[in-house]
Amino acid sequence: MYVLDSSAFINEYHTDEPIASIPLVREELEDESAFRFDALEGSGMHMHIPEPETVERVERAARETGDLATLSDTDVRLVAASFELDARLVTDDYAMQNVAEKLNVAVEVIAQEGIDEQRDWRFQCAGCGREFEENHDRCPVCGSDLSRKNPA
């Protein structure tokens, strides 16, 4: 089974395998991509709502990789749906790919190159330069903004 992100509908992704998505994806779509979603739903696309426990597990994994702040609720629930259905996640979103990789969820990309490796991001203060493993609204030492930094 394949779980489709918004980019699958925007880029007219097609597979002969069974497909699924979540209702939140429809809210992100407009014009022809929304019609494609509706048509696939009408022709049997499975609509899945992941369990709250699975959503929490995905959020924990995203927090560990440093991707939580960049993921929308829709993104988190798509990864959770893929996890629960033991399905391949179809997305071009790098943060979703990173979290999926951490959870051993298979990913298929559409119009972009996929990620080469799973990363656990670090966060660096713009003011004092200190690094942190977890993201904060502000630096807990000096109060400046933090930016996401490649751990390599």
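The points below describe a predicted model of a protein, going from its overall layout to single residues.

1. Overall layout. The secondary structure of this predicted model comes to six helices and eight strands. Read from the N terminus, these elements follow the order β-α-β-α-α-β-α-α-β-α-β-β-β-β, so that, as the definition of the elements as numbered runs allows, each can be referred to by its place in the chain. Along the principal axes, the C-alpha atoms fill a box of roughly 55 × 30 × 30 Å.

2. Burial and surface. The protein has 152 residues, of which 38% count as buried. Its accessible surface comes to about 8,500 Å², and carbon and sulfur atoms account for 41% of that area. Where contacts between residues at least 6 apart in sequence are considered, 48% of them join residues at least 24 apart.

3. Charges. The protein carries 14 positive and 34 negative charges, and the mean positions of these two sets are 9 Å apart.

4. The main nonpolar core. The largest nonpolar core has 33 residues, and those with the most contacts inside it are Leu4, Leu89 and Val99. Several elements each supply at least two residues of this core, namely strand 1 (2–4), helix 1 (6–10), strand 2 (19–21), helix 3 (31–42), helix 4 (52–65), helix 5 (73–85), strand 4 (88–90) and helix 6 (94–102). The largest share of the core, five residues, comes from helix 5. As general background, nonpolar side chains tend to be buried together in soluble globular proteins.

5. A second core. Separate from the main one is a second core of five residues, which includes Phe123, Cys125, Phe132 and Leu146.

6. Leu89 and its surroundings. Leu89 is among the residues with the most contacts inside the largest core. When neighbours within four places in sequence are left aside, Leu89 is in contact with Val3, Leu78, Val79, Ser82, Met96, Ala100, Val105, Ala106, Val107 and Glu108.

7. Helix 6. Which residues of helix 6 are buried? They are Ala95, Met96, Gln97, Asn98, Val99 and Ala100, and the buried residues of this helix pack against helix 4, helix 5, strand 4 and strand 5 (107–108). At the start of helix 6, a side-chain oxygen of Asp93 reaches to within 2.9 Å of the backbone nitrogen of Ala95, while just after the helix Asn104 takes a positive phi of about 60°.

8. The loop between helix 5 and strand 4. Both Asp86 and Ala87 lie in this loop, and the two can usefully be read side by side. Asp86 counts as exposed, at 72% relative accessibility, and has a positive phi near 50° although this residue is not a glycine. Ala87, by contrast, is buried, with a relative accessible area of 6%, which is under the 20% limit used for burial. Not counting residues up to four places away in sequence, Ala87 touches Met1, Tyr2, Val3, Ser82, Val105 and Ala106. The C-alpha atoms of Ala87 and Val3 are separated by 6.4 Å, although the two residues are 84 residues apart along the chain.

9. Thr65. Is Thr65, which is found in helix 4, buried or exposed? Thr65 counts as buried because its relative accessibility is 0%. A polar atom of the Thr65 side chain lies 3.1 Å from the backbone oxygen of Ala62, and the side chain of Thr65 also makes a polar contact, at 2.7 Å, with the side chain of Asp67.

10. Asp31. This residue is found in helix 3 and has a positive phi of about 55° although it is not a glycine. Asp31 counts as exposed because its relative accessibility is 53%, the cut-off for exposed residues being over 50%.

11. Glu12. The place of Glu12 is in the loop between helix 1 and strand 2, where this residue is exposed, with a relative accessible area of 55%. The C-alpha atoms of Glu12 and Arg36 are separated by 7.9 Å, and the two residues are 24 residues apart along the chain.

Methods. Residues numbered from 1 in each chain as written. Predicted model: local features only at pLDDT ≥ 70, side-chain atom pairs only at ≥ 80, totals over all residues. Heavy atoms only, no water. Helix = DSSP H or I, 4+ residues; strand = E, 2+ residues; numbered from the N terminus. Buried < 20%, exposed > 50% of the residue type's maximum accessible area, 1.4 Å probe, protein only. Contact = heavy atoms within 4.5 Å. Areas by Shrake-Rupley, 256 points an atom, 1.4 Å probe, with all protein chains shown as cover. Lys, Arg positive; Asp, Glu negative; His and termini not counted. Charge placed at Lys NZ, Arg CZ, Asp CG, Glu CD. Core = buried A, V, L, I, M, F, W, Y, C linked by side-chain atoms within 4.5 Å. Polar contact = N/O pair within 3.5 Å; in protein donor to acceptor, adjacent residues only side chain to side chain.
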